[in-house]
Each structure stands twice: as C-alpha cells, then as structure tokens.
Amino acid sequence: MSEDDGNWRLLRPANEQAQQLFDLFLPLVSPLADGQTTSVIGQLGQSLDGRIATVSGHSRFINGDDGIVHLHRIRALSDAVVVGAGTAVADNPQLTVRRTSGDNPVRVVIDRRRRVPASHHLFTDNAAPTLRLIAGDYQPGPKPRLQELTSVLEVPCLGHNQQPVCPAQILAVLADFGLHKIFIEGGGVTVSAFLHAQLLDRLHVMVAPMIIGSGRPAFTLPEIDQLDDALRPRATMVNLGSDMLFALEFNVNHGGP
Ligand SMILES: NC(=O)c1ccc[n+]([C@@H]2O[C@H](COP(=O)([O-])OP(=O)(O)OC[C@H]3O[C@@H](n4cnc5c(N)ncnc54)[C@H](OP(=O)(O)O)[C@@H]3O)[C@@H](O)[C@H]2O)c1
C-alpha cells in the first residue's frame with residue numbers, strides 16, 4: 001500500500017477480490033473523519049433463508065472458514081465488539097482476534113438481567129477488557145483505564161424497566177469509555193435494533209450456501225406494507241470463497257461533539 005497524496009492505494013495491481021476487500025477495509029483502518037464521533041459496523045452470518053441459528057440457538061457454524069477470518073479481521077480493527085445477552089448465553093464466545101493479527105477489542109455484552117453465566121469465557125478468561133452493561137442509571141465521570149482492568153466491569157446504564165434501551169445510549173456510554181469504532185457482532189435482535197435506530201454505518205452480511213428452513217432470523221424490523229419502504233442500501237458483493245459477502249453502507253449522522 002502507498003499513500004503519496006493522502007489517498008491509500010495498492011502498490012501493485014490486485015485481483016478483483018483483493019481490490020474489493022482493500023476498498024472495504026480501508027475506511028475501517030482509517031481514523032474517523034473530523035467531527036465524526038463514532039463509527040459502527042454490524043455483521044450477520046446467515047443461511048440462504050435468512051437464519052442465523054437453529055430454533056434451539058445453534059449457530060456453529062453457518063459460515064465457512066473464509067467468513068470466520070473476515071469476522072476476526074473486523075474485530076481486529078474495532079475498539080469494541082458488542083453482543084447481546086442471547087448470543088453470549090448461547091455461544092459462550094471469546095470475541096478475541098485469533099484468525100488474523102491484531103489486538104483484541106474491548107468486549108461488551110448487553111446483559112441487563114445478568115443472565116449470562118458467570119462461568120462463560122467473557123467473564124473468566126481475562127483475554128481482553130470486558131464491560132457488562134446492566135440495568136441501572138449511568139453515572140458519567142472519570143473512567144478506569146480499560147487496558148488495566150483485571151476483572152469484568154459492570155456498567156449500569158440500561159435503565160430500570162424491561163424495554164430495550166435506545167442503542168444511541170449504548171454508543172454514548174462506549175464513547176465515554178473512549179471506544180469509538182464499534183463492531184456489533186450479533187445476534188439478530190441486537191443488530192436489528194441498531195439498524196432500526198439508523199446507527200449502522202456499515203453492515204456486513206455473510207451468506208452461506210445453506211438452507212436451514214427454520215430458526216432464528218437475521219433481521220427483525222417493524223412490518224411494512226410496500227416494498228418502497230424496504231431498506232435498499234448501497235451494496236458491494238464480494239465472493240469470500242466459503243461465503244458471499246454483502247457489504248452494505250448506510251448514510252448515518254452520529255452527530256458532532
Ligand atoms: N450467525 C451469526 O452471525 C450470529 C452472530 C451472533 C449470534 N448468533 C446466534 O444468534 C442467537 C442469539 O441472537 P438473538 O438475536 O436471539 O439475541 P441477541 O441479539 O444476541 O441478544 C438479544 C438480547 O440482548 C439484550 N439486548 C440487546 N439489545 C438491547 C437493548 N437495546 N436494550 C436492552 N437489552 C438489549 C436483551 O437481553 P435481555 O432479554 O436479557 O434483556 C436481548 O433480548 C444465538 O443462537 C447465536 O448463536 C449468530
């Protein structure tokens with residue numbers, strides 16, 4: 001790669017897939033633009049029929065090897081990786097970078113009711129700083145240095161009722177911790193909430209050549225009557241090998257300082 005006029009480009013001609021991946025990852029590597037406070041990317045790995053897991057919650061593995069490497073690359077370029085409690089309970093994920101080089105992001109689980117078992121990797125392996133967002137009122141103020149955290153930090157910020165919290169509130173809390181490049185890794189309920197709130201700058205949907213025929217949906221959004229009301233984001237399609245990536249881009253305004 002070279003940058004002689006402020007624009008990064010590949011030094012040598014690349015095949016189409018390499019050029020597409022370069023174009024997709026460049027904005028994730030680059031610093032945020034002036035006035036941009038946050039950048040949010042979501043991902044879902046789904047079957048041809050739009051399922052991210054079986055009814056009982058098994059999702060290992062819908063995507064093939066190339067899809068999993070892609071997921072780890074996004075983790076490596078993010079300040080924080082966020083999952084909903086449903087994913088943390090069902091998958092017991094580590095959310096670390098293992099299939100590529102790079103630092104582990106801060107791990108964040110949205111777990112209002114503390115239903116993720118204390119024995120799960122996120123809370124026991126000390127592999128990366130981990131925030132558990134729980135019910136309660138958020139207290140802004142000085143924060144511990146996350147890299148020095150030796151145990152999981154519980155952050156009350158999800159209010160006191162059972163209603164989902166506006167995802168913008170979650171981004172504001174993460175920004176307060178100095179976390180600005182945010183990766184919403186799943187599951188469908190969590191990614192759909194950020195999508196519905198128009199807070200995703202990008203969404204990478206990896207489609208595996210698999211039909212499950214039942215199971216947990218990738219997207220759950222309010223009903224619409226007319227297809228005119230469907231979301232039709234800009235899309236780049238990249239054949240990853242094991243999976244087809246639909247890289248979607250949305251126009252989002254995260255607001256300035
Ligand atoms: N294929 C893939 O890419 C992929 C990725 C991740 C997960 N998965 C699979 O997906 C399944 C889990 O996904 P899911 O869609 O059922 O659940 P999920 O999105 O992982 O978790 C949803 C839960 O997270 C909490 N939550 C999320 N957003 C919130 C908000 N704004 N305010 C308050 N709480 C919030 C709530 O927990 P409470 O109900 O406790 O309040 C909510 O019920 C698992 O089977 C997993 O294996 C697949």
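**View 1. Gly159 sits in the loop that runs between β8 (153-156) and α5 (167-176).** Helices here are DSSP runs of H or I with at least four residues, strands are runs of E with at least two, and both are numbered from the N terminus. This is a predicted model, in which local features need pLDDT of at least 70 and side-chain atom pairs count only at pLDDT 80 or more, while totals for chains, interfaces and linings use all residues. Residues are numbered from 1 along each chain as its sequence is written, and side-chain values use heavy atoms, with hydrogens and water left out. Leaving aside residues up to four places away in sequence, Gly159 touches Ala135 and Gly136 (contact means heavy atoms within 4.5 Å). Asp137 is 22 residues from Gly159 in sequence, yet their C-alpha atoms are 5.5 Å apart in space.

**View 2. His254 pairs up with Asp201 through a polar contact of 2.7 Å between their side chains.** A polar contact is a pair of N or O atoms within 3.5 Å; within protein, one has to be able to donate a hydrogen and the other to accept it, and residues adjacent in sequence count only if both atoms are side-chain atoms. Look for His254 in the segment after β13 (244-249). Again skipping residues up to four places away in sequence, His254 also touches Thr37, Thr38, Ser39, Val40, Leu171 and Leu199.

**View 3. Ligand oxygens meet Arg113, Gly187 and Thr190.** For Thr190, a side-chain N or O atom is 2.7 Å from an oxygen atom of the ligand. The side chain of Arg113 offers an N or O atom at 2.9 Å from a ligand oxygen, and for Gly187 a backbone N or O atom lies 3.0 Å from one. On its own the ligand has 930 Å² of accessible area, and the protein covers 88% of that (Shrake-Rupley method, 1.4 Å probe).

**View 4. The shell around the ligand draws on both helices and strands.** At least two residues each come from β3 (39-46), β4 (51-53), α3 (85-91), β9 (181-186) and α6 (188-196), with α3 giving the largest share, five residues. Of the 26 residues around the ligand, those coming nearest are Gly45, Thr87, Asp91, Arg115 and Thr190; to be near, a residue needs a heavy atom within 4 Å of the molecule. Sorted by class, the shell holds nine nonpolar, 11 polar and six charged residues. Here Ala, Val, Leu, Ile, Met, Phe, Trp, Tyr, Cys and Pro count as nonpolar, Asp, Glu, Lys and Arg as charged, and the others, Gly among them, as polar.
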